[in-house]
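Student: I've got a structure here and I'd like to go through the labels people put on residues. Can you walk me through the reasoning?

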Amino acid sequence: MAKTRNIVVVLLVLVLGLVVVGCGEEGADVSVEGLTQVPEVTMYTTTAEYDPVRYEAAFMVAENWEELGIDVNVRPLEFNSLIERVFDAEEKDFNAFILGWSGRIERLDPDMFLYSNFHSSQDMPGGNNAYGYFNQEYDQLAEAQREEMEVEKRQEVVHDLQEMLAQDIPKIALYYRDEYQAYNHEKFDNFIVMPGEGIYNEWTPVEIEPLTDDTVLEIASTQDLDTLNPMTAQTVWEWKLLRLVYDKLVRLSPDVEPTPSAAEGWEIVDDVTVDVTLRDGMDFHDGEEVTVDDVKFTFDYMLEWGVPYFDTFLNPVDSVEVVADDVVRFNLVEPYAPFITNTLAQIPILPEHIWSGVVDGEEITHPDEWDNPEPIGSGPFKFEYWRRGEEIKLAANEEHFTPPKIDGLLQVLYGHAEGVLGALEQGEADMNAWRFEPLHIEQAREIDHLTLTEAPDIGYYYVGFNLREAPFDNLELRKAMAHTVDYDTIIDALIHGYGQAGGAGAVLSPANEFWANDDMTNYEFDLERAREILEEAGYVWDSNGRLYLPEE
């Protein structure tokens, strides 16, 4: 009997020992007394209909966070609602989100992805620093790269900034997707393919040539616009159309060189003074002449009222003055290296005779409250109509200095990506507005009347953190999260190899070879290493594997 008791005691000791060992990894109930469990994380993402890859990536990442003992609630939202919650709202009511930055061609310059996204001044409603990231040293370097006019020296600073992001981890780039689109070569010819934008860029609608009597280009899209007001527009969907209605002083050519647009040319007087000569003979769509006063008004107006989306491109401007009948002088606060390619290539010219009376005439307190129901610009296309949720149509401006060869553009809304592919296959659409989903690329390749195009992406998709509150205000937790992204599975299973893996700090695409830092701190997918980081930082687990915050 004594022998039996001894055996039982030994077994109990062994079992208790195993429990203690197990609790060393996950924690025991007694060890979490007085501690606070890591709060449930709400991760917002787009709907499966809008982007199945982002939708699936959210659940994949969330599953790995749950493996570490964090409760995660994945909440898909309609795209415009997600943008409003993350970027526009006064209160940042989110823990994490998955979104993407499109690779608009002017974003080849790193300023947008480094200054506009992460400088502390951009942490405001409508600003691009949705994460609440603040690092004084980062701010100083982000400012320095803007002022550095020697490109090699600027490259060094840009590389340093990416390394700082890799160490601070306000967001994690998940993947870069190649741009695959298609067009109906039996109906139109001379499509322009550009890095980051594919065929839906600001040159294609102007340059394409109709091959039949059908002279209206039909574009199939899955996403509607949210606004026609250039003071509030902040998504790729609005600007793909608004930049055809409103002229800018400069456009980037298909070879990504700044080229005159509404400007006939420019002269860099010195590091902080740029003279721009306005093109002669331009009219707005209502017949009023475009003058240097409209250019000055546009910049003064936006500086006065504030346009968060354009803030980083406008804040280098100290003042604008008319120095001749056709010349506008920009006086800068300090040297700004990408002034021509960013500021002049992004800001739309507004007609003073319309916008100067908007606030009083519409009885509103800010021009961003105006619907701008019939946009009047001077661009190569005129606004015709917008049936929200259905379609939007632009007509060619035959009086433009680069008149389109087509009669108009009709963008039609489809409920899902399959509808877009079906419209292309049936000849109901002539091109797709957005890249194909991976499963549709090979299907499109087999359709005889379609030409499939490919372009490298200079944008990226990412998971962003709210650094203002727990749990992502803790750097060690974010370091652990950086080890939870299974890049190989994302690339192989979700985008079928049509893209590349991202990383913490990898906010410049590898396609942007000159500026991208390919030697940053790297965090491989490794849940065990993630657990080690948390344990070393003082996080503990209870007996159910739930994660608790370190003792204060």
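Tutor: Sure, and keep in mind that this is a predicted model. Let's start with glutamate 179 and arginine 435, whose side chains meet in a salt bridge at 2.6 Å, N to O.

Student: What makes glutamate 179 and arginine 435 a salt bridge?

Tutor: The cut-off is 4 Å between a side-chain nitrogen of Lys or Arg and a carboxyl oxygen of Asp or Glu. Here the N to O distance is 2.6 Å, so the pair is within 4 Å and counts.

Student: Which parts of the chain does the pair link?

Tutor: Distant ones: glutamate 179 is in strand 5 (residues 179-184), while arginine 435 is in the loop between strand 18 (431-432) and helix 15 (438-445). They are 256 residues apart, and both glutamate 179 and arginine 435 are buried.

Student: What does lysine 187 pair with?

Tutor: Aspartate 430, with the closest N and O atoms 2.9 Å apart. That is a salt bridge because 2.9 Å is within the 4 Å limit. This pair also links distant parts of the chain, 243 residues apart: lysine 187 is in the loop between strand 5 and strand 6 (188-189), and aspartate 430 is in the loop between helix 14 (417-425) and strand 18.

Student: How do you know whether lysine 187 is buried or exposed?

Tutor: Buried means under 20% relative accessible area. Lysine 187 has 13%, so lysine 187 is buried. Aspartate 430 is at 0%, so aspartate 430 counts as buried too.

Student: And how are lysine 479 and glutamate 476 placed in helix 16?

Tutor: They are three residues apart in helix 16 (residues 475-482), so about one helical turn separates them. Their side chains meet in a salt bridge at 3.4 Å, N to O, which is within 4 Å.

Student: Why are lysine 479 and glutamate 476 called partly exposed?

Tutor: Partly exposed is the band between under 20%, which is buried, and over 50%, which is exposed. Lysine 479 is at 25%, so lysine 479 falls in that band. Glutamate 476 is at 28%, so the label is partly exposed there as well.

Student: Which residues are joined into one network by salt bridges that share partners?

Tutor: Asp51, Arg54, Arg177 and Glu437. A search of the whole structure finds 26 salt bridges.

Student: Where is arginine 177, and why is arginine 177 called buried?

Tutor: Arginine 177 is in strand 4 (residues 171-177). The relative accessible area of arginine 177 is 3%, which is under 20%, so the label is buried. A polar atom of the arginine 177 side chain also lies 3.1 Å from the backbone oxygen of phenylalanine 436.

Student: Over to the surface. Why is glutamate 398 called exposed?

Tutor: Exposed means over 50%, and glutamate 398 has 62% relative accessibility, so glutamate 398 qualifies. The residue is in the loop between strand 16 (391-396) and strand 17 (408-413). Glutamate 398 also belongs to a negative surface patch, whose members include Glu264, Asp280, Glu399 and Asp407.

Student: What makes the patch negative?

Tutor: Asp and Glu count as negative, and the patch is formed by residues such as Asp283, Glu288 and Asp325, among others.

Student: Now the backbone. What stands out about phi of valine 256?

Tutor: Most residues other than glycine have a negative phi. Phi of valine 256 is near 60 degrees, a positive value in a residue other than glycine. Valine 256 lies in the loop between strand 9 (250-252) and strand 10 (258-260). At 24% relative accessibility, valine 256 counts as partly exposed.

Student: What is phi of asparagine 372, and is asparagine 372 buried or exposed?

Tutor: Asparagine 372 has a positive phi of about 50 degrees although it is not a glycine. At 2% relative accessibility, asparagine 372 counts as buried. The residue is in the loop between helix 13 (358-361) and strand 15 (381-387).

Student: What kind of peptide bond joins alanine 470 and proline 471?

Tutor: A cis one, with omega at about 5 degrees. Proline 471 is in the loop between strand 20 (460-465) and helix 16.

Notes. Residues numbered from 1 in each chain as written. Predicted model: local features only at pLDDT ≥ 70, side-chain atom pairs only at ≥ 80, totals over all residues. Heavy atoms only, no water. Patch = residues over 30% accessible without salt bridge, like charges linked within 9 Å, V, L, I, M, F, W, Y side chains within 5 Å. Areas by Shrake-Rupley, 256 points an atom, 1.4 Å probe, with all protein chains shown as cover. Charge placed at Lys NZ, Arg CZ, Asp CG, Glu CD. Helix = DSSP H or I, 4+ residues; strand = E, 2+ residues; numbered from the N terminus. Buried < 20%, exposed > 50% of the residue type's maximum accessible area, 1.4 Å probe, protein only. Polar contact = N/O pair within 3.5 Å; in protein donor to acceptor, adjacent residues only side chain to side chain.
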